[in-house]
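Visitor: Please choose one part of this structure and take me through it slowly, then show me how it fits with the rest. I am new to this, so please explain each term when it comes up.

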Amino acid sequence: MTTTAARPATAPDPVRRRLRTSPMWVPWAFALPGLAVYLLFLAWPVISALATSLTDWDGLSDTRRFVGLANYAAMLDDTVVGIAATNNLLWCLVTIVLPMSLGLGLAVVLNRTSRTSPVFRTIFYTPAVLPLVSIASIWAWLYNPDTGAINTLLRAVGLDVLAQSWLGQDSTALWAVMIPAVWVRTGFPMLLYLAALQGIPDELYEAAQMDGATRWQRFRRITVPSLKDTHYIVLALSIIESFKVFDLVYAMTYGGPGYSTQVMGTWMYANVFQYFEAGYGTAIAVVITLVAVAAGIPYVRSQVRNR
Amino acid sequence: MTATPSAAVPGPLSARPPRRSPGRLLVTIAVAVAALVWVGPLILLVLTAIRPLADFLAAGPLSLPGSLTLANFGEAWQVGQFGTA
């Protein structure tokens with residue numbers, strides 16, 4: 001009783017003191033549950049994937065032979081990898097630039113307070129809440145050469161020549177898959193840009209207007225620079241999203257016709273799960289991961305530095 | 001936010017939004033057309049879901065439903081085996 005009373009108020013926190021004097025393994029014990037999950041579900045799959053990519057495993061049998069970097073060398077000779085890489089680049093370009101610019105344009109137009117703006121905002125955002133597989137089904141149905149709405153519309157206005165098998169020919173298939181991607185991905189940048197636009201003080205625009213700035217100058221010199229952070233976030237998220245392209249292509253064209261819409265993701269899947277080339281497919285997956293990580297490093301570094 | 005300066009002015013003029021230039025009207029029309037294109041696939045989706053297949057095949061995807069039905073949903077539930085999945 002007396003010892004408790006005698007202890008000065010500034011005595012170190014007993015829990016902390018005990019931790020400091022406890023053996024080295026105690027802090028690790030606290031980290032163990034999280035660490036175990038991390039090692040089991042993140043580190044181990046990565047390591048085993050790296051190991052698999054150096055073998056000729058077919059994905060099913062017990063035997064696997066170490067083949068060194070042969071799988072990676074084989075990618076250089078694989079023409080489909082060339083097609084897929086080109087398609088990935090095109091896909092990134094279109095599905096980053098178009099949703100970003102459309103989103104920015106819509107945000108600027110719909111930023112004004114009016115009765116119709118909320119309705120329009122809702123409409124443009126709606127596709128973003130749908131599952132990608134549903135979107136793929138909807139658009140494959142719209143693209144149907146015979147009963148699809150797009151060809152029906154073209155025929156109705158007398159443009160029969162333009163009615164075609166959108167997903168069934170090399171020349172249009174990839175573009176036909178990009179349109180739903182733009183459709184679904186415009187809403188989110190619009191939302192982020194809208195939020196950012198609300199944060200720009202009106203005084204800036206009033207001052208610029210008083211100095212005789214035109215509408216374009218105000219947009220160019222006030223709106224665009226004020227949105228710098230938002231551009232950065234939207235761009236980073238778009239790059240990540242575009243790199244992951246798989247579901248829309250898989251569900252709409254399955255990489256076809258021929259190899260014309262293969263992307264790295266679908267080609268990896270085809271090798272691992274269809275052609276029983278798990279070693280080779282995993283090598284593709286490793287390359288995809290390395291490219292994605294390389295592209296993500298600037299973003300992560302900037303985030304770490306800011307915080 | 002919603003309180004525009006002109007909203008405080010009484011009289012019939014304040015009843016409508018303050019800025020209404022030809023350019024703005026043009027922008028609104030453009031956005032409305034874009035919105036119609038944007039929501040079009042979903043409207044077609046819903047319209048087709050509530051009409052019989054025969055009606056869809058006979059009149060085409062862009063027509064208004066000739067008759068309405070909810071049978072498609074029940075069928076989808078069974079064909080898709082949602083109940084047992």
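Guide: Helices, which are H or I runs of at least four residues, and strands, which are E runs of at least two, are taken from DSSP and numbered from the N terminus. This is a predicted model, in which local features need pLDDT of at least 70 and side-chain atom pairs count only at pLDDT 80 or more, while totals for chains, interfaces and linings use all residues. Residues are numbered from 1 along each chain as its sequence is written, and chains are lettered from A and ligands numbered from 1 in the order in which they are written.

Let us begin at A:Phe276, which lies in the loop between helix 15 and helix 16 of chain A. A:Phe276 is not a glycine, yet its phi is positive, about 55°. A residue is buried if 20 or more other C-beta atoms lie within 10 Å of its own, exposed if 12 or fewer, and partly exposed in between, with C-beta atoms placed from the backbone. A:Phe276 is partly exposed, because 15 other C-beta atoms lie within 10 Å.

From this loop we can follow the chain into helix 16, which spans residues 278-306 and so contains A:Ile284. Contact means that the C-beta atoms of two residues, placed from the backbone, lie within 7 Å. Leaving aside residues up to four places away in sequence, A:Ile284 touches A:Met75, A:Met264, A:Trp267, A:Met268 and A:Asn271.

These contacts lead to the nonpolar core, a set of buried Ala, Val, Leu, Ile, Met, Phe, Trp, Tyr and Cys residues joined through C-beta atoms within 7 Å. The largest such core has 37 residues, and A:Val177, A:Trp267 and A:Ile284 touch the most other members. Helix 15 (264-273) and helix 16 of chain A are among the elements that give two or more residues to this core, although helix 9 of chain A gives the most, with eight residues. A second, separate core of 16 residues includes A:Met100, A:Phe124, A:Val234 and B:Trp38.

For a comparison with the loop, we can turn to chain B, where B:Gln81 is found in the segment after helix 3. B:Gln81 also has a positive phi of about 55° although it is not a glycine, but B:Gln81 is exposed, because 8 other C-beta atoms lie within 10 Å. The helix before it, helix 3 (residues 71-79) of chain B, is hardly covered, with zero buried residues among its nine.
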